[in-house]
Amino acid sequence: MKRFFQPVEKDGSAKKPAISPSKKDKDENGEISEDSTTKEPLKFLTWNANSFLLRVKNNWPEFTNFVTSFDPDVIAIQEVRMPAAGSKGAPKNPAELKDDNSSSRAEKQIMMRALSSPPFQNYRVWWSLSDSKYAGTALFVKKCFQPKSVFFNLDKKASKHETDGRVILAEFETFRVLNTYVPNNGWTEEENSFPRRRKWDKRILEFVLQNSDKPLIWCGDLNVSHEEIDVSHPEFFSAAKQNGYVPPNKEDCGQPGFTLAERKRFGNILKQGKLIDAYRLLHEEKDTERGFSWSGNPIGKYRGKRMRIDYFIVSEKLKDRILACEIHGQGIELKGFYGSDHCPVTLVLSEASPKSRESEISS
């Protein structure tokens, strides 16, 4: 099943799929498609699966039906939660699924069998995985929309993967697609909490500013709710504590993802990077039924407590091409979440005119 893994060359660019000398793909009937290699993706889907393997085992028919209906050109997955290839004590290969023992081989076989069936056999997939069943991302791109290059880090260095497999960056002719699983802010000043998130936000801002030559489509679980309208219960989330701990800086207080410090930094990234929140652009009012992408445990104090932390953030240059951006889950019973605590979010762009295509790159 190695066909699902796309090797990356030393310059960071993915090997081109085998095609005929005419550079044109064949459709399912074997006919040559005249424009299959000239168009770029227009329909995008992002979803934190909260263990992609569990979704394959328990929720695959429903999710498959959703993907078939929406028919995305690009699918960005977060929280794959499948370990990287490599035996214990040996160097790991974050671009491939672990298969060095009976249990990991069985899990990989389950995954590959699911991805070899419709509609997923129409996509190529890139993985960026953690050493354990934690975090990890995947990017699916229809075979007729192959990117010019794929990186797995914000520095655009060949073969390097971010810690825990949190980044996949695909570069197309006229824009970039960035799939990220942003680290949770946590509750304390410990190394893997506030400081880690501050460092991440700084690096994202640097990445955006240093790569402004092309429009950006940034998607994934960004682990932040920008404004009060983006949470169901602002007062609850603002007052949230863990074990009674109160951070010394008031701006770090509250639910991870809704602290004032995180929200300010996120707003600064959007402002300096000239980026737009596609969903909020089209949905200005609070939607208490469909306006949130994450929902708390239906049992306990988080029942009915919801946040919008999954996004499509796009460059201002693409603003006039945004046709739709929708959140596909609803209600406290998690309809449309497909077993995860997050629901899919989608984006649809209009085709670029020749003039706008030139201006998006040059301006």
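A salt bridge here is a side-chain nitrogen of Lys or Arg within 4 Å of a carboxyl oxygen of Asp or Glu. By that rule the count comes to 24 salt bridges. The model is a predicted one, so local features need pLDDT of at least 70 and side-chain atom pairs count only at pLDDT 80 or more, while totals for chains, interfaces and linings use all residues. Residues are numbered from 1 along each chain as its sequence is written, and side-chain values use heavy atoms, with hydrogens and water left out.

A few of these bridges are worth a look. Arg265 pairs up with Asp201 in a salt bridge whose closest N and O atoms are 2.7 Å apart. Because Arg265 belongs to helix α6 (residues 260-273) and Asp201 to helix α4 (residues 194-210), this pair ties together parts that are 64 residues apart in sequence. Helices (H or I, at least four residues) and strands (E, at least two) are DSSP runs, numbered from the N terminus. On accessibility, buried means under 20% relative accessible area, exposed means over 50%, and partly exposed is in between (1.4 Å probe, protein chains only). Arg265 therefore counts as partly exposed at 21% relative accessibility, whereas Asp201, at 8%, is buried.

Helix α6 has a hand in another bridge too: Glu251 and Lys264 meet through their side chains, 2.6 Å from N to O. Lys264 sits in α6 and Glu251 in the loop between α5 (234-239) and α6, so the two tie together parts that are 13 residues apart in sequence. Both ends count as partly exposed, with Glu251 at 27% relative accessibility and Lys264 at 47%.

Then there is Arg308 with Asp277, a salt bridge of 2.5 Å, N to O. It links distant parts of the chain, 31 residues apart: Arg308 is in the loop between β13 (306-307) and β14 (310-315), and Asp277 is in strand β11 (residues 275-277). Both of these residues are buried. Elsewhere, salt bridges that share partners join Lys156, Glu171, Arg176, Asp213 and Lys214 into one network.

Next up is helix α2. Its buried residues are Trp60, Phe63, Thr64, Phe66, Val67 and Phe70. Looking down the helix axis, they fall within an arc of 160° (taken from the directions from the axis to the C-beta atoms), so they line one face of α2. As background, an α-helix has 3.6 residues a turn, so residues three or four places apart point the same way. The cover over the buried residues of α2 includes β1 (43-48), α1 (52-58), β2 (74-78), α3 (102-115), β5 (123-128) and β16 (345-349).

Turned away from that buried side is the face carrying the exposed residues Pro61, Asn65 and Ser69. Pro61 lies in α2 (residues 60-70) and counts as exposed at 54% relative accessibility. The C-alpha atoms of Pro61 and Tyr338 are separated by 9.5 Å, though the two residues are 277 apart along the chain. After the helix comes Asp71, with a positive phi near 60°.

Strand β16, part of that cover, holds Thr346, which is buried with a relative accessible area of 3%. Counting contact as heavy atoms within 4.5 Å, and setting aside residues up to four places away in sequence, Thr346 touches several residues, including Phe66 and Phe70. Its side chain also joins that of His328 in a polar contact of 2.7 Å. A polar contact is a pair of N or O atoms within 3.5 Å; within protein, one must be able to donate a hydrogen and the other to accept it, and residues adjacent in sequence count only if both atoms are side-chain atoms.

Finally, the annotated site. An unreviewed UniProt entry places the feature "active site" at Tyr181, Asp221 and His342. They span 162 residues in sequence, yet no two of their C-alpha atoms are more than 12.5 Å apart, so they gather at one spot. The UniProt positions are given in the numbering used here, feature names are shortened, and annotations may be inferred rather than shown by experiment.

Asp221 is in strand β10 (residues 216-221) and is buried at 2% relative accessible area. Leaving aside neighbours within four places in sequence, its contacts include Tyr181 and His342. His342, in the loop between β15 (322-327) and β16, counts as buried at 3% relative accessibility. Asn48 makes side-chain polar contacts with Asp221 at 2.9 Å and with His342 at 3.5 Å.
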